[in-house]
Amino acid sequence: MTAYEDDTAISEQLETLKNRIGCLMLVMVDGLSGKDEALISPDVARDIERLGSSLQAVQKDLDRITAQRTWILIAFRSANKEIINACLNRLTDALQCFYVAQFIHDGNMLLEIQTRLDSLSRDTGEIAKKVDSSYDWLLDKDAHKAQSNLGLEDMPVITRLYGRDGVIEQIVNLLTTKSRPRIGILGAGGMGKTSVAVAVMENEIVGKMYRESHRFWVPCVGVTSPTTFLQTISKSLRVNQDTGAPPKDILHALKSTKEPRLILIDNMESVLSIPEVATDGTNQKHLKWWAKSVDDISAAISTLNDTALVTQGREGVSSPKYFVLPVVQSYLHDNPRYNTPTMRRLVIEACCRFILDHKSSPGDEKFKAHLKELDIERTNIQAILSSITQELLAELSLTQNSYDVFEAMLTFGWFQFWTKINTDLMQHLLQFASSANVGEQRTLRYIAEAHFCLGKHYTYLGRCSEACTSLEAARANFQDLGTPADILRAGEAALGLVEAYIFMTKPIEDVKSLLLQAQADLQGDPRGSACALMFGGYAHWYSESPQSGLSDLKHAKESLEVLGNTADIARCILYMMRCYADLGLLSDWMEAGQEGLRLSKRVGIDDMTWEALDGLSRCYVRMEKYDDALSTLKESLVVAQQVGAPLAIAQTIELSGYAYGMKGDLYGSRLGYEQAKKIYYEIEKTNQTRENIDDCIYNLQQIEDAGGWDVWLRAPFLS
């Protein structure tokens, strides 16, 4: 009985082991079936092979025991039991090795996964940076990123300063604890004022509050006038923006961020009020105006360069600029031998002659080339013309040249309107002309022209109330003068008022009344009549009658094409683009925008180029081609910033916010609306800008409420 029970136990144990091995083999086969060998790691495949071999060996031993007859099983039960136990141990060991190996492989795999996740995290971070940088075009740029402070000395290096710890600590405390501190360090020459100031600039506590890129050294040795002083500050602060008005550019840079800036102005006492020449450098080509009496300009430049009296910028270009060092400027201004009345008179005459030699109007063959040449001397011309007064002309025996100065100022004022808007010079011209013989018609005409030009500047700055005041003054002055040519100019000023009225969204009755007056003034003049018809079409569009507007504009375009003025034709096409937009004629809208853009670029007037790009962007938005819209808007924003027109900048960024939102990019949309809202708040409030602000606020709230899901945005004006 005992033998039978032992036999039964051995048989059951055999069957259990065989079933266990069979199940393991089935699991392995099932787990590996259909798998791509390339996806199984070599280590795992090797472990599986080893386990399979062990199972097969155990299986063979068990099969040999099973094949024994019953009496042999009973006779050799002890030996068989030992074999079964050995098989069981081998099976257990094989499985244990396999499990340990897999545990190690799993650990290695987890490490590899972690490494890949870390790499993915870094890649994601880089992508995030790139994504963030893709929105940079919407944001305020670092206003201190200009590439050079050419011609200025570097801040001195102070290795060790003795005996000044107390005053340095006191200044550091004031700079880091007071709101907007202004500190003057006074004393006789040689006492170490500059050394103390530099030590403060390099102090560790100061460095924590004012980062290095926002600590500026402004050396004033050789600065002998307010203009040079402003130029020196602008260069020292590495101001990016260049509108031709340094005070405006400097203030814009300082207001561009709330981050504190620390400015060390050294030798402030050097600043004197004496006019100067070529503060912003000039090129060799233009020296024929500034140095008319020099026979060999190349040799003169070479000598001055060799002696380090001038420095050369923009190396590697065809026409580099040459800069006179501030200390040299100071010496020339302070030395009567060089700063004679004759020399100063020659400078003014050269400046006026240069401007008038490059005088042309939009559509003229040389217009773009003249704009380019004037742009090179923009800062120098602005400095010289702004310094001219009636008293200075009398002192220099140039009173008889007053009208040349008037004409040069007016010409340069229109140049600024067509490129970078700046009202300073026209305001100066009005003061300058008003102190002249105001009884003369010629002087009154220049006053009227200055009002006209200033009014156009104000319109594109979004300062429409001031624009109306100036344009109304211009119109009244031209009407008082009363000659046929002046009446035509009165009509053109009235068209300028029509444009300002539409910008201000004034009642259509006021617009039409003014338009009738303009048409009466312009009748009989082919160009004036065609322009009046063009503005009539624009007024129809404004009164929500685009079909009537399109009819007038097509007739106006035919007349303008006969006259051949490309600028007027481009303007007419841009008004036609608006009518096509309101009529929903997308292909005509797109075609007019592209043609208007081509002509505007050919003429070289940036504000019209912006208008064409803006119209094309809105067309892309209407067509739901948001990527094309954003690409065009980026180009549009660059042009608007070049012109310096805040309203155009705000409208471009607001439309970008809408385009981002409609393509599901709520982050970009929020940035766009926030930036646009900020700019709108800085512009004169009209019905249109108030509506723009309301739209920005509403859409920002919609984005906030959406919580990352789809959002409904109030659409902008798409025509």
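Trainee: Between which helices is the loop that holds Thr 423 found?

Mentor: This is a predicted model, and Thr 423 is not in a helix but in a loop. That loop runs between helix H17 (402-418) and H18.

Trainee: Is Thr 423 buried or exposed?

Mentor: Buried means under 20% relative accessible area. Thr 423 has a relative accessible area of 8%, so Thr 423 is buried.

Trainee: Which residues does Thr 423 touch, not counting residues up to four places away in sequence?

Mentor: Contact means heavy atoms within 4.5 Å. With residues up to four places away in sequence not counted, Thr 423 touches Leu 454, His 457, Tyr 458, Leu 461 and Arg 463.

Trainee: How do helix H18 and helix H19 pack, parallel or antiparallel?

Mentor: Helix H18 covers residues 424-434 and helix H19 covers residues 441-460. Their axes are 9 Å apart, at an angle of about 160°. Angles over 145 degrees count as roughly antiparallel. Therefore H18 is, relative to H19, roughly antiparallel.

Trainee: How many charged residues are in the contact of H18 with H19?

Mentor: On the H18 side the contact includes Met 426, Leu 429 and Leu 430; on the H19 side it includes Ile 447, Ala 450 and Leu 454. By class, the contact of H18 with H19 has nine nonpolar and four polar residues, and the number of charged residues is given as no charged residues.

Trainee: Why does H21 count as roughly antiparallel to H22?

Mentor: The axes of helix H21 (residues 484-503) and helix H22 (residues 508-522) come within 8 Å and cross at roughly 160°. The cut-off for roughly antiparallel is an angle over 145 degrees. That crossing angle is why H21 is described, with respect to H22, as roughly antiparallel.

Trainee: Which class of residue numbers 14 in the contact of H21 with H22?

Mentor: H21 brings residues including Ile 487, Leu 488 and Val 498, and they meet a set in H22 that includes Val 511, Leu 514 and Leu 515. The contact of H21 with H22 has one polar residue, three charged residues and 14 that are nonpolar.

Trainee: Where is Thr 505, and is Thr 505 buried or partly exposed?

Mentor: Thr 505 sits in the loop between H21 and H22. Thr 505 is not a glycine, yet has a positive phi of about 55°. With a relative accessible area of 25%, Thr 505 is partly exposed.

Trainee: Which residue has a positive phi of about 50° although it is not a glycine?

Mentor: The residue lies in the loop between helix H8 (226-236) and helix H9 (246-255). Its relative accessible area is 27%, which means partly exposed. The residue with the positive phi of about 50° is Arg 238.

Trainee: What distance separates the C-alpha atoms of His 214 and Arg 261?

Mentor: His 214 lies in the loop between helix H7 (204-209) and strand E1 (215-219), and His 214 is buried, with a relative accessible area of 2%. His 214 and Arg 261 are 47 residues apart along the chain. Their C-alpha atoms are separated by 5.0 Å.

Trainee: What share of the residues in the chain is buried?

Mentor: The chain has 31 helices and five strands. Of its 719 residues, the buried share is 45%.

Methods: Residues are numbered from 1 along each chain as its sequence is written. This is a predicted model: local features need pLDDT of at least 70, side-chain atom pairs count only at pLDDT 80 or more; totals for chains, interfaces and linings use all residues. Side-chain values use heavy atoms; hydrogens and water are left out. Helices (H or I, at least four residues) and strands (E, at least two) are DSSP runs, numbered from the N terminus. Buried means under 20% relative accessible area, exposed over 50%, partly exposed in between (1.4 Å probe, protein chains only). Axes are lines fitted to C-alpha atoms, for helices over the stretch in contact, and angles run from 0 to 180 degrees between N-to-C directions. Angles under 35 degrees count as roughly parallel, over 145 as roughly antiparallel, 65 to 115 as roughly perpendicular and the rest as oblique. Ala, Val, Leu, Ile, Met, Phe, Trp, Tyr, Cys and Pro count as nonpolar, Asp, Glu, Lys and Arg as charged, and the others, Gly among them, as polar.
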